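Let's take a walk through this model together. Have the sequence and the 3D view ready, and follow along as we go from charged pairs to strands.

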Amino acid sequence: MVSTQNDIATRVGVDILARGGNAVDAAVAVGFALTVTLPRAGNIGGGGFMVVHDAASGEQYTIDYRETAPSGVQASDFLDTKGEKDKASRFTWAAVGVPGTVAGLHKAWKKGGSLPWAELLAPSVALSRDGFAVSHDLAELLLRKREWLAADPGSAAEFYKADGSAYVAGEIMQRPALANTLALIAKEGPAAFYTGALAEKIATAMADNGGHIDKKDLASYKAITRQPVRGSYRGLEIVSMAPPSSGGIAIVEMLNILENYPLADWGYGARSLHVIAEAMKLAFADRGNYLADPAYFDVPVGALTKKDYANKRATLIDPEKARPAEQVRGGVSLSESPDTTHYSIVDGAGNAVSNTYTLSSSFGSGLVVPGTGILLNNQIHTFSVRAGIEGAQGFIASEANKVEEGKRPVSSQSPTMVLKDGEPVLVLGSPGGSRIISTVVQLIVNVIDFGMNIAEATNERRIHHQWIPDTLEVEPGFNRDTVRLLKARGHTVEETFTMGSTQSIQIQAPYLFGASDPRRPNALSAGSP
């Protein structure tokens, strides 16, 4: 079963499985295919996180291929004269972190793949060289963002026709520069990207445009295999991503808090949702204070994921009344874009992959390295660039997540698995910035506590509270009676927008049930015989 946000990429993954590849093989092929067909989030110019279950060994491990801060970058690159965050700076070459996707996917393949590397890139090379049908979603996005994207010559050449016009849904888009880049990576592996011809082009573009990434930054980049963050919920094991992702710790802490409440007995409704929202506040406050790149900050993973700690936090929740945010201690609320993408894959042998990767903003920085088709991230903007700025207004700046050379910024990306007796029963994740954490928790609770199947759990309306601002967000169309009851408990409720795009697989041997979120178009879950 393959569940992704793009139907073309899903079919690429299914084909790899049908040809005898395993879940890791399919994950690599899907990751490169999304680079072509879902350019707002799929990438080789960004980074992400992967959780893998190896059926033969029973082992779970994670791969951290988050972007890193290049040499020379500093917080002042992103501040205005008043010491406030300069929003326009996130679309500059200075905002680009050292990309990790190529290294991360290659590391996953070296550790768990079975088919030849070049065979896994062949579908993406063909898609970019021969072309693919532009979806309504992609056509609409490119039309809406044309003024911004076409301002960069590389992006204009990559995403628009020679006369500057936008593609119409159903037309064939070819990306020959990206095809050549992917073919080179297929032939030479990550060396092409980090020390070879592509590295030369990236470093030159940076030097010409005020960016910071140089050849040394690229050559020194490493994807890292990490131990997952682990927890348990109602007797099931939770396996999620370790720091610098904040997702795994926040998810485990939130579920530990919720384990103190009989949600199944209460049922899905205002009483349960109130407690879930209060648990979100507590976990997000801790997330702001204590999460960072563990190479630069001593993240208290063990303390934050202990049951005893969560039990104490749970005593702060009044089941009948919302606690104001100012009464909840914590640090900074991070600003992240919702335009990430997630995919989940399970093969016939029981291997499983949960992978989330991103360019940060939709289409990242909007900058393409000339002649390569490589669309670059703007991840440096997700550091707490105001850390240490005297008199900074708004959110408290997180010293833990301040900009430092070589450092990986904190992320909400939360590829996750739920295991029973050592075997996955849920493989899930989502895009959505900080709402990723809330989305993943609610999907787990919907299945385990409220007895929903994976499609019902996916389609249920979502809530989100990230501590600051002190607002309980609900999706459009949320039940009005439930909103009234939540307001009566003291919540400031705001109907905002849809949250996340979960791509999930529920395993009930011998069956696999895939569910792609209807919140974003063109997603597809499909199985291979």
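Start at Glu475, which is buried, with a relative accessible area of just 1%. Keep in mind as you look that this is a predicted model. What does the side chain of Glu475 meet in a salt bridge? The partner is Arg519, at 2.7 Å from N to O. Glu475 sits in the loop between strand 16 (472-474) and helix 19 (480-488), while Arg519 sits in the loop between strand 19 (511-516) and strand 20 (524-526), so the pair ties together parts that are 44 residues apart in sequence. Arg519 is buried as well, because its relative accessible area of 16% falls under the 20% cut-off. These two also belong to a network of salt bridges that links Arg462, Glu475, Asp517 and Arg519.

In general, side chains of opposite charge can pair when their charged atoms come close. The structure holds 26 salt bridges, so let's visit a couple more. Arg313 and Asp286 meet through their side chains at 3.4 Å, N to O. Arg313 is part of helix 16 (residues 307-314) and Asp286 is part of helix 14 (residues 270-290), so this salt bridge ties together parts 27 residues apart in sequence. Both Arg313 and Asp286 are buried.

Now look at Lys161 and Glu171, whose side chains form a salt bridge at 2.9 Å, N to O. Both lie in the loop between helix 7 (153-159) and strand 5 (172-173), so the pair ties together parts that are ten residues apart in sequence. Are they buried or partly exposed? Lys161 counts as partly exposed at 27% relative accessibility, and Glu171 is partly exposed too, at 28%.

On to the strands. In strand 10 (residues 352-358), seven of the seven residues are buried. One side carries Ala352, Ser354, Thr356 and Thr358, the other Val353, Asn355 and Tyr357, and both faces are covered. Strand 10 runs antiparallel to strand 2 (residues 47-54), joined by seven bridges, with Met50 opposite Asn355. Strand 9 (residues 340-346) also pairs with strand 10 in the antiparallel sense, over seven bridges, and Thr340 has Thr358 as its bridge partner. Strands 9 and 10 form a hairpin with five residues between them, where Gly350 in the turn has a positive phi of about 100°.

Finally, find strand 8 (residues 236-240), where four of the five residues are buried. Five bridges join strand 8 to antiparallel strand 7 (residues 229-233), and Ile238 is the bridge partner of Gly231. Ile238 also stands opposite Val418 in strand 13.

Technical notes
Residues are numbered from 1 along each chain as its sequence is written. This is a predicted model: local features need pLDDT of at least 70, side-chain atom pairs count only at pLDDT 80 or more; totals for chains, interfaces and linings use all residues. Side-chain values use heavy atoms; hydrogens and water are left out. Buried means under 20% relative accessible area, exposed over 50%, partly exposed in between (1.4 Å probe, protein chains only). Helices (H or I, at least four residues) and strands (E, at least two) are DSSP runs, numbered from the N terminus. Two strands pair if DSSP finds at least two bridges between them. A salt bridge is a side-chain nitrogen of Lys or Arg within 4 Å of a carboxyl oxygen of Asp or Glu.
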